[in-house]
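Colleague: I have a model open and would like to learn how to read it. Can we take it feature by feature?

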Amino acid sequence: MNRITELQPAAVDLGRVTKRFGAGAPAVDDVSLQIAPGELVTLLGPSGCGKTTTLRMIAGLEDPTEGRITIGEDEVTHLPAEKRDVTMVFQSYALFPHMNVRANVGYGLKVARTPRAELTDRVEEALALVGLEAFAERPVDALSGGQQQRVALARALVMKPRVILFDEPLSNLDAKLRHHVRAEIRALQKRLGLTAVYVTHDQEEALAISDRVVVMNSGRIEQQGTPRDLYARPVSHFVADFIGSANIVPGEYDGSDIVLGDARIPHTQEITQGPVGVMIRPEAVRPAAQGLAGKVVSISFLGPVNQVDFDTPAGRVTGNLPDDAMGGLRPGAKVALSFAPRGLHLLPPRAV
Amino acid sequence: MADLAQTPPRSLSRAIPLGAVPVWSGIALLLFLALPLIRTGRRFLPLDYMLHPLSLGAGLHWAPAVAAFAVIALYLRPAPRPAQARRRADMAAVILSLGFVGLWAALFSAGTPFGWGAMGASLALCIAAGSALSESNRVRGDAFTGAGILLTLLFVTLFITYPLVMVIRSAVWIEGVLTLDQFRATFSSSLFLFVDNRFTEVNEARMVAYWATAGGAVALAWGLWSSRAAALWRRAWMVPLWVGAGLIAGWAVGIMIWGRGALPSTLLVAVIVAPAATMLGFALALLGQRTNSRAVRGILGVASVLPFITPPFVIGFSMIFLLGRRGLLSHDILGISPFANPLYGAPGVILAQVLGLAPVAYLIIRGSLNSLNPALEEAAQTLGASRWRVFKDVTWPLVRPGIAASLLLASIESIADFGTPLVLGGDRNFLATEVFLALTGRYSQSEASVYGVVLLFLVVLVFIASRWMLGVKGFATVTGKPASGAFLALPRSLEWILLSLAGLWFAFILSLYGVIVYGSVVELWGINNTLTFRHYIEFWNTGWPVVWYTMKLSVASAIPAMMVGGLIAYLVTRHRFWGRSYLEFGSLLSFATPGTVMGLAYILAFNDGTLLMTSTSAIIVLALVFRNMPVAIRASMSGLAQIDRSLEEASATLKAGSGTTLVRVLSPLLLYPLLAGLIFAFVSAMTAVSQVIFLVSAGNNLATVMLLARVERGQLGVAAAMATVLIVMLLALIVLLLVASRYLDARNRGKGLSI
Ligand SMILES: Nc1ncnc2c1ncn2[C@@H]1O[C@H](COP(=O)(O)OP(=O)(O)OP(=O)(O)O)[C@@H](O)[C@H]1O
Ligand SMILES: [Mg+2]
């Protein structure tokens, strides 16, 4: 048998890859990245940081200026796309408008001159995987956005790729559908054991779907790690700010305590003593008997929580407080603030 | 239980580890060994096996065989690691190029015309070398791309650049010496500037002097006035500068009006025709876009294709019927004496060219008008602008690029026009006709080449000027994507002006074409008006075989023109490679070079020696292919611009090579542009005159050339019959294309091409 469920995922290794378009700053700058077989890695970062370019170099659609790319055992640095076992789901889906669903999904197999019977079987299987068996004969423009997206996915899966790439595959869907489809993609990826690289600029999507997240900024890798890792222990202001929301206020660290305004908060972390940036997650902020002195500036109701802005000696701090933690706070009220240790992390001071 | 990556793939090309390089080397070797390498006479057939490489003995001409053999041997070893494979491919590319160069060096030093074997082996070597370049990553892309790049570079060099270089060479390289003598002789000849005509009562030289004086005087006055506030020392040098410029300008204008020479006449006509045709085209486009009348739109649609299907001088020739010495309007109705008829000379040429070029301008400007978003005009209107104000502030600036492109195209076509001046030029000379007359009348290749160089220089000047002043791109997009929404109606008064202008224009066009049809069914135009089918019968006997032959050649040229043009458009828009701008420049050159110059260039390049091809139908087909290729390039480019690149990338990630992608993804989506390009290439081949007039010979005459000869010999009835048949046939073809476009449109909409 030749089933999609039996594909053999490969590792991907980027070794100091750089891509320049003409003069000026490189689009991708000295990026090294190892992806294990069966892992889903997300490239996350603001617009223009080089995510798509990195992905396209893995696909073979862009030629690296420097560095080395291997897939499995094979060096593929300068191999064109059609000679790699890598497929891609495009942001625009790139479905062939002159072919119906079946022809779109079967295109790659047809190009590879797969025998008719096997081709039919595999197209059926791929369509079943994405739940589109009933739509095989439809022209692709007679499908909804979500269905088109799944055709694109089926077309990539049917090739049994050793690596599958996604370039912002959900950005053309509405918010509800996006949650649903990303869960489907993740489930399918786990079930098939696919090696996948996934590009997005939506941090929530990245956290929800990935084994590992790679945060990029101006063509460089800023930090990589599991979603929990990145959220709890960002290494820079950029990452702290980009992943979730965070208060970052200046403070001092003396090896055992954080000095924040007039408050001292016990904390242990490997970091140079002296001035630091203190990252406080909003959900870690609670009113308490003692702690950092604060004054309520404004309260807005967000549904599950209340967003409360405090003025403190260290600067403006925003907290997300559920109703039962509010304790009758009003604008203008003076309170002391404590911070749950899980939502507290020190960063190197912001360079001036 | 195996993965796809491990199951042995079934296709032959993957089962046997044979790449494109050894396969095409093998084909080169086979062609080399199977066909006669050279010819003795002009004819390619029959194959003469005395000219087979084996019969020719040893020598450098064996280079391709040796190279191909070496490369195959190189590829017999098992596949090495990637770095080694790249080095091997580099080596193969070098060896194959050496084989290619060796062969042609041998042929050129022997001076014998090339044969099938040389041609086939060279093409196969090129393909193999291109594949090797892609394999070694010198060219990014697969073997198809690499081979396509090398082949198109070879074609453009051989059939566009090289012949044009030969024109320049022949102008300055005379009997083995580098000299400017021919330039000097031509420039001082009376045909070039020709100031004084002793047979007219006015003294032309004096008139020119008057103009120069007037220019100088105006400039003096202006210089004194404009510098009145400047310091004395500044006035002292500024005023003489102004006067000098004024003298030159006055002299130039004077010589354009009074001189009868080729340069001033050509310039005068171009300077008037380009703006006039553009303005007329603009008026028609504006009317066509904004009128509510369907009839007006229909008429514009039909009238705008007429010039494409009419051989270039036919308008001139029907103007003789209508306005000439014995013309229906001029002589019979207005009673103008045949000796006082003002048609012949600049007025007639200008009138005919404006009529012929206005539709071209119309199409270009309509494109830029259609790509205008109506919301912009609506926005301006909501901001309180009047209709005139909206036109002035929004519409006009946005169509200005279209206007500029139309000016550029109209000046180039006017300068290049050969047929109209030949028929209507009277006592004026024109550059394009002088090329022809110098070569066929005065038998001077070098003089013809000097005229050719002047023409080339003018055209390049126009291009540079338009780029510099207006930032126009070489290829104007004729088709624009129509936007939704309604355009602002024209101001009432303007609509009436435009309508009457269009009415007048259309009535004139109608009478011109009507007159041709009428002329084809009367005994002898202007003398004996009895109806007869004599001319059609004569046409059937003598003209039809030539028309049939022309159609065959036109089909034979349209298909390769479309293929090469489509390939160039694809490579240029979708790939980055060394030589890309050269390819673009070469196709621009073939489009901008006046037809007579290209014809001359082909005579100079392919009349003897190794590349001998004149007096064969091959040379005519080649001339037409590379003449009409730009039409195909433009059609494919505008089609490609509408297709998102991610479709091709998706195809590539699904393991399709670029050849497969071209065939399976791009071609179906480009069906209509390709078909339109094909038909227009065919139509322009059918109506071509200037580029083939030197290339026809007794056995292979062409319809338009025959038509021109009939007009010149005064056999107007037969000429009219022939023109009528040609026009009706081509019109039918265009109507067919329109029907097909409706059908394809509907089909594509059904499948969502228009997303
Ligand atoms: N073909 C190209 N030519 C020139 N510059 C390019 C090209 N493609 C990308 N760039 C530049 O490289 C940089 C990175 O682009 P890239 O598309 O990788 O960003 P991205 O992270 O995917 O952004 P987005 O989230 O907006 O998609 C950008 O500054 C972009 O302008
Ligand atoms: Mg992107």
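Colleague: Which residues form a nonpolar patch on the surface?

Modeller: First, the ground rules. This is a predicted model, where local features need pLDDT of at least 70 and side-chain atom pairs count only at pLDDT 80 or more, while totals for chains, interfaces and linings use all residues. Residues are numbered from 1 along each chain as its sequence is written, chains are lettered from A and ligands numbered from 1 in the order written, and side-chain values use heavy atoms, without hydrogens and water.

Modeller: Now the general idea. Patch residues have over 30% relative accessible area and no salt bridge; nonpolar side chains (Val, Leu, Ile, Met, Phe, Trp, Tyr) are joined within 5 Å, like charges within 9 Å. A salt bridge puts a side-chain nitrogen of Lys or Arg within 4 Å of a carboxyl oxygen of Asp or Glu. Areas use the Shrake-Rupley method with a 1.4 Å probe; for residues, only the protein chains shown count as cover. Here the patch is Leu45(B), Leu47(B), Tyr49(B), Trp116(B), Met119(B) and Leu123(B), with about 500 Å² accessible together.

Colleague: Which atoms pair with an oxygen atom of ligand 1?

Modeller: Look for polar contacts: N or O atoms within 3.5 Å. A backbone N or O atom of Gly48(A) lies 2.7 Å away, and one of Cys49(A) 3.1 Å. From the side chain of Thr53(A), an N or O atom is 2.5 Å from a ligand oxygen. The protein buries 55% of the 630 Å² that ligand 1 exposes alone.

Colleague: How is chain A divided?

Modeller: Bounds come from an automatic or database domain assignment. Domain 1 spans 4–232 and domain 2 spans 245–347. Their C-alpha centres are 40 Å apart.

Definitions and conventions: Polar contact = N/O pair within 3.5 Å; in protein donor to acceptor, adjacent residues only side chain to side chain.
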